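Biologist: I'd love a close look at a single part of this model. Could you pick one helix and walk me through its surroundings?

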Amino acid sequence: MPDGSLDRTALDLLSNCTCQNLRQASRVVTQYFEQTLEPTGLKVTQLPVLAAAATMGPIPMSQLAEALVMDRTTLTRNLQPLERAKLVTVTSGADRRSRMVLATPKGLDALGAALPLWKQAQSDTVEALGRFKWGVLMDTLRATVDATRSAKAP
């Protein structure tokens with residue numbers, strides 16, 4: 001645009017866009033946690049799925065997806081390598097339409113091996129931010145999830 005408003009808006013997107021900034025932070029944090037978890041062979045996207053299957057299972061996939069704030073397609077994609085590695089089982093539920101997820105004994109062992117590494121990455125992150133800023137961040141992220149869930153898309 002001749003008046004430069006498009007350039008200003010594009011620059012605003014790059015510096016102030018909620019989604020862009022969350023994604024940048026997520027990528028950096030994900031990379032750090034992935035490096036830390038590398039010896040286990042688990043991805044940081046798989047670890048919460050395995051932890052939830054271990055602590056909440058057997059659990060229907062729909063409830064697991066909701067608890068992890070994931071759509072079923074993303075959950076299925078994260079479950080497939082865990083299932084291939086025999087860390088979880090996915091079986092038919094009582095009505096055959098539902099699928100139940102449960103951590104296997106091998107999955108519990110993998111989770112046990114991963115948790116100390118996760119604790120270290122978590123501790124390093126909290127220490128780098130400072131406990132107060134980390135607490136504010138956690139509160140803000142939870143509020144962001146709640147507010148965005150209730151927002152209406154145009």
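Modeller: Gladly! Keep in mind that this is a predicted model. Let's take helix H5, which covers residues 72–84. Its 13 residues reach 18 Å from the first C-alpha to the last, close to the 18 Å expected at 1.5 Å a residue. At the start of H5, Asp71 places a side-chain oxygen within 3.0 Å of the backbone nitrogen of Thr73. After the other end comes Lys86, with a positive phi near 60 degrees.

Now for the inward side. Leu75, Asn78, Leu79 and Leu82 of H5 are buried. A general point about helices helps here: an α-helix has 3.6 residues a turn, so residues three or four places apart point the same way. The buried residues of H5 pack against two helices, H3 and H4 (61–67), and against strands E2 and E3.

Those strands belong to an open sheet of three, ordered E1-E3-E2 with antiparallel pairing. Strands E1 (59–60) and E2 (88–92) stand at the edges, each with a single partner strand, so one side of each has no neighbour in the sheet. Between E2 and E3 (residues 99–103) there are five bridges, and Ser92 stands opposite Arg99 in E3.

Helix H3 (residues 47–56), another packing partner of H5, lies across E1, E2 and E3 and runs at about 95 degrees to E3. So you can follow the contacts of H5 to H3 and on to the sheet, as H5 packs against H3, E2 and E3 while H3 lies across the three strands.

Technical notes. Residues are numbered from 1 along each chain as its sequence is written. This is a predicted model: local features need pLDDT of at least 70, side-chain atom pairs count only at pLDDT 80 or more; totals for chains, interfaces and linings use all residues. Side-chain values use heavy atoms; hydrogens and water are left out. Two strands pair if DSSP finds at least two bridges between them. Helices (H or I, at least four residues) and strands (E, at least two) are DSSP runs, numbered from the N terminus. Contact means heavy atoms within 4.5 Å. Axes are lines fitted to C-alpha atoms, for helices over the stretch in contact, and angles run from 0 to 180 degrees between N-to-C directions. The expected span of a helix is 1.5 Å times one less than its number of residues. Buried means under 20% relative accessible area, exposed over 50%, partly exposed in between (1.4 Å probe, protein chains only). A polar contact is a pair of N or O atoms within 3.5 Å; within protein, one must be able to donate a hydrogen and the other to accept it, and residues adjacent in sequence count only if both atoms are side-chain atoms.
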